[in-house]
Amino acid sequence: MRIAVGPLSGLLVADFSRVLAGPYATMLLADLGADVVKVEGPQGDETRTWMPPVRGDVSTYYLGVNRGKRSIALDLRDEADAAVARELATRADVVIENFKPGGLAKYGLDYDAVSKANPGSVYASISGFGSGVGAHVPGYDLMVQAISGLMSLTGDPDGPPYRAGISVFDVMAGNHAVIGILAALRHRDATGEGQHVEVNLLSSALTGLVNHSSAYAAGGVVPYRMGNAHPSVFPYEPLPTADADLIVAAANDGQFRRLCEVLDLPDVPDDPRFARNADRTKNREELRPILVERLKTRTAVAWFDALTKVGVPCGPINTIDGGFAMAERFGLDPIVEVGDGDRAVPTTRHPIRFSATPAAYRLPPPELDEHGAELRAWLEAESA
């Protein structure tokens with residue numbers, strides 16, 4: 001077994017997940033030093049075939065969430081392969097899976113079986129709708145965007161609902177799985193007890209809808225889509241400039257006053273229609289043209305530079321290349337390279353920075369069963 005560095009160094013993660021939520025979670029764990037073994041079926045993770053786009057002949061979707069792992073291909077329907085998988089789960093500190101709830105029981109890889117053989121293991125399950133009444137419902141991000149209400153909040157007021165541009169709840173559930181795993185490992189360190197951590201996309205979605213969820217749960221209000229406007233804050237939306245729209249997010253009275261100073265509108269903050277956020281939100285249709293008239297005198301980038309100097313949140317609406325360029329401008333070094341030679345792959349930097357134990361990028365996304373021989377040999381030696 002190879003020794004890694006990082007805050008999670010020494011942890012072995014048996015990754016029985018596929019597609020996005022689980023693989024994203026285990027990639028984050030791998031970045032932080034965990035030894036992640038990606039268990040794939042004989043055909044591999046579905047995302048290997050989700051193309052275009054590609055790098056060479058490999059799906060960039062797969063490349064984006066699978067660095068830092070070793071791959072072993074196992075056909076769980078074959079008893080010999082299932083035995084290898086069970087041995088891996090017995091040795092692992094963390095087991096993570098996103099099969100349909102109960103789907104691993106027939107292979108002896110469900111929580112009850114694994115915890116019996118490995119009482120200290122943290123077993124994380126990711127599903128669409130939980131392990132109870134909703135267990136039979138397939139869990140795909142687009143479904144959850146629809147069912148949760150997110151799509152009803154996205155799009156123009158008079159237009160159709162839209163999905164978010166990414167699988168936002170898969171990513172959110174992956175992050176929640178990491179939080180749950182780390183909390184359970186803390187508990188294990190204190191007590192020696194493992195436990196079952198369950199995450200489902202719908203619950204991640206409902207907590208992730210934050211103020212909209214609270215509007216319904218606490219206020220009895222069903223929010224509806226407002227295009228790019230905010231229901232409780234103004235200005236907090238794109239506004240036109242001389243060449244392009246600029247996001248302006250002056251969310252408090254001080255920011256609004258500084259916005260007006262830069263726009264040379266000194267009297268506007270003291271106008272009783274616009275003095276407080278509640279006033280500005282109520283009278284947004286009167287305030288918007290006043291701001292736009294001034295914003296149209298300069299370009300979006302010129303206003304960005306001027307407004308950010310005085311602490312007014314704003315930004316141009318970029319394409320993704322522009323987003324990476326902005327991160328470079330701010331010294332965030334958003335792209336790192338993992339692997340060497342022909343296997344080197346540019347990838348997005350881990351989002352968390354540590355002063356003492358930084359993330360490391362040790363292995364490129366693995367080829368299918370790339371490490372199968374070494375892992376089988378290791379597991380057989382350990383079980384002998």
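A residue is taken as buried when its relative accessible area is under 20%, with a 1.4 Å probe and protein chains only. In this predicted model, Asp279 has a relative accessible area of 15% and is therefore buried. Asp279 lies in helix α10, which spans residues 277-282, and, when residues up to four places away in sequence are set aside, its contacts are Pro272, Arg273 and Phe274.

Phe274, one of these contacts of Asp279, also belongs to a nonpolar core of 23 residues that includes Cys260, Leu263 and Ala300 as well. This core is separate from the largest nonpolar core, which comprises 45 residues and in which Val13, Leu29, Ala34, Ile96, Val122, Ile126 and Ile181 have the most contacts. Two or more residues of the largest core come from each of several elements, among them helices α1 (21-31) and α6 (168-191) and strands β6 (94-97), β7 (122-127) and β8 (195-200). Within this setting, Ile96 touches Val13, Ile126 and Ile181, and its further contacts beyond four places in sequence include Phe16, Ala25 and Ala124.

With respect to the cysteines, the count of disulfides comes to zero. The sulfur of Cys260 is 14 Å from the closest cysteine sulfur, that of Cys314, and is therefore too far away for a bond, given that a disulfide is assigned to a pair of cysteine sulfur atoms within 2.5 Å. Cys314 is likewise in no disulfide, the nearest cysteine sulfur being that of Cys260. Cys260 counts as buried because its relative accessibility is 0%, and Cys314, with a relative accessible area of 16%, is also buried.

Notes
Residues numbered from 1 in each chain as written. Predicted model: local features only at pLDDT ≥ 70, side-chain atom pairs only at ≥ 80, totals over all residues. Heavy atoms only, no water. Helix = DSSP H or I, 4+ residues; strand = E, 2+ residues; numbered from the N terminus. Buried < 20%, exposed > 50% of the residue type's maximum accessible area, 1.4 Å probe, protein only. Contact = heavy atoms within 4.5 Å. Core = buried A, V, L, I, M, F, W, Y, C linked by side-chain atoms within 4.5 Å.
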